[in-house]
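Colleague: I am new to this structure and would love a close look at its charged side chains. Please take me through how they pair and what lies around them.

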Amino acid sequence: MRRWLVQPEFKVERDPARCIQCQVCVRQCANDVHSYDEDDELVSSDGASCVGCHRCATLCPTGAIAIGRSQLDFKPNANWTPENIRNVYKQAEGGGVLLSSMGNDKPWRVYWDHLLLNAAQVTNPSIDPLREPMELVTYLGRKPDQVRVERGPDGKAKLATEIAPQLKLRTPIMFSAMSYGSISYNASRALAQAAAEAGTFANTGEGGLHTDFRPYASNMIVQVASGRFGVDPDYLNIAAAVEIKIGQGAKPGIGGHLPGEKVDAAISRTRMIPQGTDAISPAPHHDIYSIEDLLQLICAIKEATGHRKPVSVKIAAVHNVSAVASGAVRAGADIVAIDGLRGGTGAAPTTIRDNVGIPIELALAAVDSRLREEGIRNRASLVAAGSFRSAADVAKAIALGADAVYIGTAAAVAMGCHLCQRCYTGKCNWGIATQDPFLTKRLNPDVATRRLTNLLRGWSLEIKEMLGGMGVNAIESLRGNREHLRAVGLSDREMAILGVKPAGE
Amino acid sequence: MKRIYAREEFCLGCRLCEIQCLVRHSKSKKIIKAFRQERDQITPGVMVESAGHVTFAMQCRHCDSAPCLEACITGAMHRDPKTGAVLCDADRCVGCWMCVMTCPAGAVRRGKDQKAASKCDLCAGDKTPVCVLNCPNEAIVYEER
Amino acid sequence: MDVQPNPSKEFALSRSERDSAACAVGGILNEQGRTFDGSRILRMMANMHDRSNGLGGGFAAYGIYPEHKDLYAFHVMLDNAAAREAFEEFLRRYYEIETEEVIPTAPLREIRNRPILRRYFVSLRQRVLGEHYDLTEQDLVVRHVMQVNGNIKGAVVFSSGKNMGIFKGVGYPEDIGRFFRIEEYEGYLWISHGRFPTNTTGWWGGAHPFGLLDFAVVHNGEISSYGINRRYLANFGYHCTMHTDTEVVTYLFDMLLRKHGLGIEEACIALAPPFWDDIERMEPQKRELVKALRITYAGALLNGPFGVILGHTRGMIGFNDRIKLRPMYAARRGDEVFLASEEAAIREISPQLDSVWQADGGKPVICELKVPLAAPEKEPARA
């Protein structure tokens, strides 16, 4: 495409004093930024097609490559930002919908950065997690209002309440839905392996479950989304839980589209669609036009799985999220997953990604409060999603009321993702969001698994430190305990929604 | 014995193994200096083979029954009694290239200096050969099989 | 130093969301139901003087009102005549008042700024019960106590059981005991508390024991899980009005024992469950039960350091947080069982003991009457 008005975003600089002409960069860039001139015996770079993924700079053995923002500044304009101007150029040229990948990158308020955690002093001893037990085990699923006990002839107490199926998590962090197709086989395998190793769960997304991943099915949540790709009774029954995907934080109200070029033989088998055809997920489920329809689908899935699996409903955080969540719980959802404004995606219209939905912090707080007001909080577990960047974000989410969180972007970053936001091009230089055989082999799933389990371990240790600091030794004592949060720099109204007090009070 | 194995399904074809091998076997051991001043004299013991998207790093297998050992007319090619590695003594090599001819893996090459055969020496006593250490995707492993 | 702070209920509540405390706790039960006067528990608490700072002390005594044993004995603190008027108007709307009187006190130099202290022996009007087919009489009493404490300015119902009473206020426990003349009451079970509050100034309503119906709780420690315990209880209609973490302990016991019908042991598992590693090692029947209790009552888990004594009509329970961050001694001599923060306090009143031991973390010490009470308290069953 001729794009003469759209100037490069990045500038690639090569330090001639360090470059040894080894051509690693040339071989690594899928965007052909670097080239080698055999006559001149010289590697040179053209930043025009650079996406800023740092693959070349990371692998350069001499650190000869620097990537910076293009120095071509527009006349400063607080309203017409360079991005706005560039987007108009692009659309004037192409006439299409602009696409983006990963989560919202606009400077919407990140509430995590305005919330501070508590710690114990004097009146309550803090607990050292290296010396005392510190429990992160979390059970997701419907809980009864109360437990009934009966006594046998031997006088021993016996449970007389049937407990609904539960997911047991060793740490309250799960891997968000990322479909095989949107990400590579190796990335999918790494997520499944890491979930199994860490005692948590990975979500298949709407991509079906590759037969190779069946050994990990007891640590996988399978998704039923509007395209119903890869869904059959076997798929539902082999997994630990089933998730009905209503919406996604990065693109609430929008469906999905995996281009036919990416639907190779393996993906075609897994998704149960012909090879080379586009996999289009409609915006709504065409059998769910209202809450009672959702109830029917939940019931159908529970029937199909013999009521042995928790059923989750994933919704995007939109303005009436608490009403939607309450409806989902009353429709029989055992888990409600809420995906916030900053949640990631493999591809979404940029304008949707950047402007639709509400932040997860407010959505989570509102939903937790609403379910408690209605007295139905114990009927479903809450899973928060939409950009958890650190253990502190996770701890704060749990304090606001989440039972667990989903991490997608953080997991991708752990595998090497550099957030260049070009997943939709299929040319992921890190081998994650691509099906190109030249690129997919760049992700060794064993290495990626190790990196993912390391991340979960690191975050879990940090959460334990934070719990111990607060003087509690079980995650349930932080869950929904907003007394352990204080706000800095938020309005009264925001604090009221979050249910937290200002720091100092 | 511990040998180097390639995992072609994860080889990026980046050739960092070759680069690091060259540096390891340079006099300066400094990457920029080695490339600027010694590149013409050093032949890396590892080379990346590729066809389409299939690539892998290949180096001497240190065969139990090594044809190069049989073929060597001067005894330059020898087996280290301690490690079992097949090594070439450059001082004794006369450059007849019989080893190059007989190697079934194509892992012995004429040295760039044209004087002696060049091949992988398992980084002569290092705990882990540099190609293994520096592979960004762990596509080269050093293990007992 | 002679003016002790004695803020009003509203002032105290405005200061902090909750108050927590270090403290002394003690309890004496005669397993045969034989009564004894309050002088012994008084000596027990005086022995632990240094564990309090004079900002709160109190006692709960069971079996002290045999002549009114079928009536709810409401002990009420009233800031002024207006509060009294508002409270009595509320009370008359729902209850028949059999007897009302001033709680007898002895003027004491150490006790100042006392509120009006009155007690009412009452029964719920049948008409009121008829208006709520889905609630039991006790549910209604709970609701009314919460309404008074939450909504009527200057009024606090601090004791609402039958044939039992709570006496508490700002001062050292031994002074509060003499102030309320507890030597003149005869009970088969006494529990007591001396307070060392850390997060607020003391106020009369904030002293322990906290009572609801026949339950009385004294508590040494801090409930770090308070924020979620409070929100969890709200799910079940319990609204925390006293802004102290001890309140949630009382309500949780009421919910688990009375509303959910759990046994004491199961209730204690819900409140201070074993660690998951230990649960995994239990035999299957027990494991299923404990796991169900733990995941169902996750919001009820009490975390942070505490030693608690719960008094109820049939006995008392002493129990500690899961990793035992606060002291709790138990001892026995003949028909008497004792609980206290310090062994010395027990030896003070019973130098010779048959046995004495420390309560394990998370494991309740259950002390129960060995005989039926003269007229067992049993609520008529309702459909």
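Modeller: Gladly! Helices (H or I, at least four residues) and strands (E, at least two) are DSSP runs, numbered from the N terminus. This is a predicted model, where local features need pLDDT of at least 70, side-chain atom pairs count only at pLDDT 80 or more, and totals for chains, interfaces and linings use all residues. Residues are numbered from 1 along each chain as its sequence is written, chains are lettered from A and ligands numbered from 1 in the order in which they are written, and side-chain values use heavy atoms, with hydrogens and water left out.

Let's begin on the surface of chain A. There, D37(A), E38(A), D39(A), D40(A) and E41(A) form a patch of negative charge. (A patch joins residues with over 30% relative accessible area and no salt bridge, like charges within 9 Å and nonpolar side chains (Val, Leu, Ile, Met, Phe, Trp, Tyr) within 5 Å; areas are Shrake-Rupley values with a 1.4 Å probe, and for residues only the protein chains shown count as cover. Lys and Arg are positive, Asp and Glu negative, with His and the chain ends not counted; a charge is placed at NZ of Lys, CZ of Arg, CG of Asp or CD of Glu.) One member, D39(A), sits in the loop that runs between strand 2 (34–37) and strand 3 (42–45) of chain A. D39(A) counts as exposed because its relative accessibility is 72%, where exposed means over 50%, buried under 20% and partly exposed in between (1.4 Å probe, protein chains only).

Now to the pairs. Side chains of opposite charge can pair when their charged atoms come close. Over all chains, the structure holds 61 salt bridges, each a side-chain nitrogen of Lys or Arg within 4 Å of a carboxyl oxygen of Asp or Glu.

In chain A, R353(A) and D354(A) join their side chains in a salt bridge, at 2.8 Å from N to O. Are these partners buried or exposed? R353(A) counts as buried, at 1% relative accessibility, and D354(A) is buried too, with a relative accessible area of 4%.

Chain B offers a pair between R24(B) and D126(B), whose closest N and O atoms are 2.7 Å apart. R24(B) belongs to helix 1 (residues 16–24) of chain B, and D126(B) to the loop between strand 7 (117–118) and helix 5 (130–134) of chain B, so this salt bridge ties together parts that are 102 residues apart in sequence. R24(B) counts as buried at 17% relative accessibility, whereas D126(B), at 31%, counts as partly exposed.

The loop that holds D126(B) has another residue to look at. C123(B) is found there, between strand 7 and helix 5 of chain B. C123(B) is not a glycine, although its phi is positive, about 55°. With a relative accessible area of 4%, C123(B) is buried. H62(B) likewise has a positive phi, of about 50°, without being a glycine. The loop of H62(B) runs between strand 3 (54–58) and helix 3 (67–71) of chain B, and H62(B) is buried, with a relative accessible area of 1%.

In chain C, E343(C) and R347(C) meet through their side chains in a salt bridge of 3.0 Å, N to O. These partners are separated by about one helical turn because they are four residues apart in helix 12 (residues 343–349) of chain C. E343(C) counts as partly exposed at 27% relative accessibility, and R347(C) counts as partly exposed at 32%.

Finally, some charged residues are linked beyond a pair. Which residues share a network of salt bridges? They are D368(A), R372(A), R377(A), D403(A), R479(A), R482(A) and R231(C). Here chain A and chain C appear in one network. Of the two pairs of chains in contact (heavy atoms within 4.5 Å), chains A and C share the most contacts. Chains B and C, by comparison, do not touch, and their nearest C-alpha atoms are 36 Å apart.
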